[in-house]
Amino acid sequence: MINQKNVALGKVRSSIRELYEYGKARKAEIGEENVFDFSLGNPSVPAPEEVNAAIKDLVDSCNPVTLHGYTSAPGDYDVRNVIALDLNKRFNVNLNANCIYLTCGAAASLTITLNALVNRGDEVVALVPYFPEYKVFAENAGAKFVTAACEKGTFQIDLQKLESALSPATKAVIINSPNNPSGVVYSRKSMILLGQLLEKYSKRYKNRIYLISDEPYRELVYEKHDTSPYITDFYAYSVVCYSYSKSLSLPGERIGYIAVNNNMPDYEELYAGICGAGRALGFVCAPNLFQQVIKRVCNKTADINIYKQNRDLLYNALVEYGYEVVKPQGAFYMFVKSLEPDAKSFAERAKKYELLFVPGDDFGCKSYVRIAYCVAPQTINNALPQFKALAESYK
Ligand SMILES: Cc1ncc(COP(=O)(O)O)c(C=O)c1O
């Protein structure tokens with residue numbers, strides 16, 4: 001018999017994908033402009049022009065056999081070196097090429113890292129609300145998936161809840177800031193306390209707890225003072241899982257990296273584990289054309305002003321219509337309290353107004369919905385009367 005766990009995973013689409021497919025069919029039926037699809041976190045601003053310029057130049061000037069050939073399994077040394085130097089310039093780190101492992105995006109970074117760390121029976125803790133694939137990746141690596149709620153209303157880290165979720169079996173805690181789905185950036189103070197908590201419990205349980213920081217939205221922050229702190233400052237046993245999917249608007253190109261903190265004692269051992277897990281999973285040698293593109297543009301970011309405008313437009317309007325909204329500081333998601341206890345039925349009712357957004361159930365938060373506002377500003381403008389009508393339908 002084939003693996004029934006994977007059959008089940010393959011048959012049941014995530015509710016985000018399900019809704020996206022519904023939106024596609026609905027657009028074909030009634031016209032694209034009449035459906036307000038806020039389901040998917042697909043960037044709506046183009047990649048910076050330097051990306052296309054780099055692709056053209058690479059294709060025109062490089063030896064095609066080399067350009068389209070294999071690189072070393074963890075990625076081209078020079079590319080990894082450029083990324084490490086860029087991180088050293090921006091953050092308080094002293095990384096080198098041998099701390100960096102190039103991947104096909106954050107999904108691969110997370111899967112590889114979890115497989116490198118987890119022994120069967122270990123526990124992996126995620127903070128609620130969380131990106132739904134964490135559960136899939138953690139369980140596939142052999143871990144028990146454990147959750148800890150964030151603070152009600154603010155969705156900042158709730159250290160007491162996290163403390164109660166830790167156990168002698170905890171191998172790793174995953175954080176994601178700016179957060180999908182809440183848009184919240186975890187405060188510097190909470191990161192410091194988080195580092196202290198993990199240190200305390202690693203000692204108490206005589207079992208090292210690692211911190212995995214999933215950072216595809218690091219550069220998508222709308223006010224400078226909200227910038228997400230770099231986790232290696234607060235905790236030595238940390239690994240950053242990064243992706244260029246959102247910062248450079250390249251989700252289809254599948255490129256990102258893992259950065260292992262070399263302030264961690266025996267970091268080479270963990271890096272070797274990452275190389276081994278990458279090998280075992282077949283995640284070696286990320287696409288070379290995009291490795292070379294990243295070498296040239298890793299210090300660039302897509303123009304995030306449109307996301308900020310969208311956030312302000314949508315947030316102000318929803319608050320005016322009476323919705324309870326967590327003001328997003330980053331990423332391009334808005335977490336909105338459902339107008340009825342069951343967010344699924346709220347999202348169903350929204351479909352009657354051609355509004356497509358995802359119930360919070362998959363993110364571990366049943367009374368909220370996620371609105372992905374990475375859409376054309378016109379879509380938001382046109383959707384506002386529908387949001388108003390939806391709110392009025394509950395009065
Ligand atoms: C929080 C989070 N982590 C990981 C990923 C996966 O990103 P990638 O496209 O780089 O695999 C996403 C994608 O939306 C995400 O939102």
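**Note on the predicted model: strands, helix H12 and the ligand shell**

1. Strand E7 (residues 238–243) is joined to strand E8 in the antiparallel sense, with five bridges between the two, and within this pairing Tyr-242 lies opposite Tyr-257 of E8. The model is a predicted one, and the remarks below should be read with that in mind.

2. On the matter of E8 itself, five of the five residues of this strand (residues 256–260) are buried, so E8 is largely enclosed by the rest of the structure. In a regular strand the side chains alternate between the two faces of the sheet. The side chains here can be followed residue by residue: Gly-256, Ile-258 and Val-260 point one way from E8, whereas Tyr-257 and Ala-259 point the other way, and all are buried.

3. E8 also pairs with strand E2 (residues 100–103), again in the antiparallel sense, and this pairing runs over four bridges. Within it, Ile-100 has Ala-259 of E8 as its bridge partner.

4. Strand E3 (residues 123–128) is mostly covered, with five of its six residues buried. Its pairing with strand E4 (residues 144–149) is in the parallel sense and extends over six bridges, with Val-128 standing opposite Ala-149 in E4.

5. Which residues come nearest to the ligand? Of the 13 residues around the ligand, these are Gly-105, Ala-106, Ala-107, Ser-243 and Ser-245. Helix H6 (residues 105–117) makes the greatest contribution to the shell, giving three residues, and by class the shell is made up of five nonpolar, seven polar and one charged residues.

6. An open sheet is formed by four strands in the order E9-E10-E13-E12, with antiparallel pairing. Strand E9 (325–326) and strand E12 (358–359) stand at its edges with a single partner strand each, so one side of each is left without a neighbour in the sheet. For E9, the pairing with strand E10 (residues 333–337) is antiparallel and runs over two bridges, and Val-325 stands opposite Val-336 in E10.

7. Helix H12 (residues 305–320) comprises 16 residues and reaches 23 Å from its first C-alpha to its last, which is close to the 22 Å expected at 1.5 Å a residue. Buried in this helix are Tyr-307, Asn-310, Arg-311, Leu-314 and Tyr-315; seen down the axis of H12, the buried residues fall within an arc of 120 degrees, so they line one face of the helix. An α-helix has 3.6 residues a turn, so residues three or four places apart point the same way.

8. What do the buried residues of H12 pack against? They pack against E9, E10 and helix H14 (377–392), so that two strands of the open sheet, E9 and E10, are among the elements contacted by this face of the helix. On the other side of H12, Asn-305, Asp-312, Asn-316 and Glu-320 are exposed, and just after the helix Gly-322 takes a positive phi of about 100 degrees.

9. Is Leu-390, which has its place in helix H14, buried or partly exposed? Leu-390 has 19 C-beta neighbours inside 10 Å and therefore counts as partly exposed, given that a residue is taken as buried at 20 or more. Leaving aside residues up to four places away in sequence, Leu-390 touches Arg-349, Ala-350, Tyr-353 and Leu-355. The C-alpha atoms of Leu-390 and Gly-10, which are 380 residues apart along the chain, are separated by 34 Å.

Technical notes
Residues numbered from 1 in each chain as written. Predicted model: local features only at pLDDT ≥ 70, side-chain atom pairs only at ≥ 80, totals over all residues. Pairing = 2+ DSSP bridges. Near = placed C-beta within 6 Å. Nonpolar A, V, L, I, M, F, W, Y, C, P; charged D, E, K, R; others polar. Expected span 1.5 Å × (residues − 1). Buried ≥ 20, exposed ≤ 12 C-beta atoms within 10 Å, placed from the backbone. Arc of directions from axis to C-beta. Contact = placed C-beta atoms within 7 Å.
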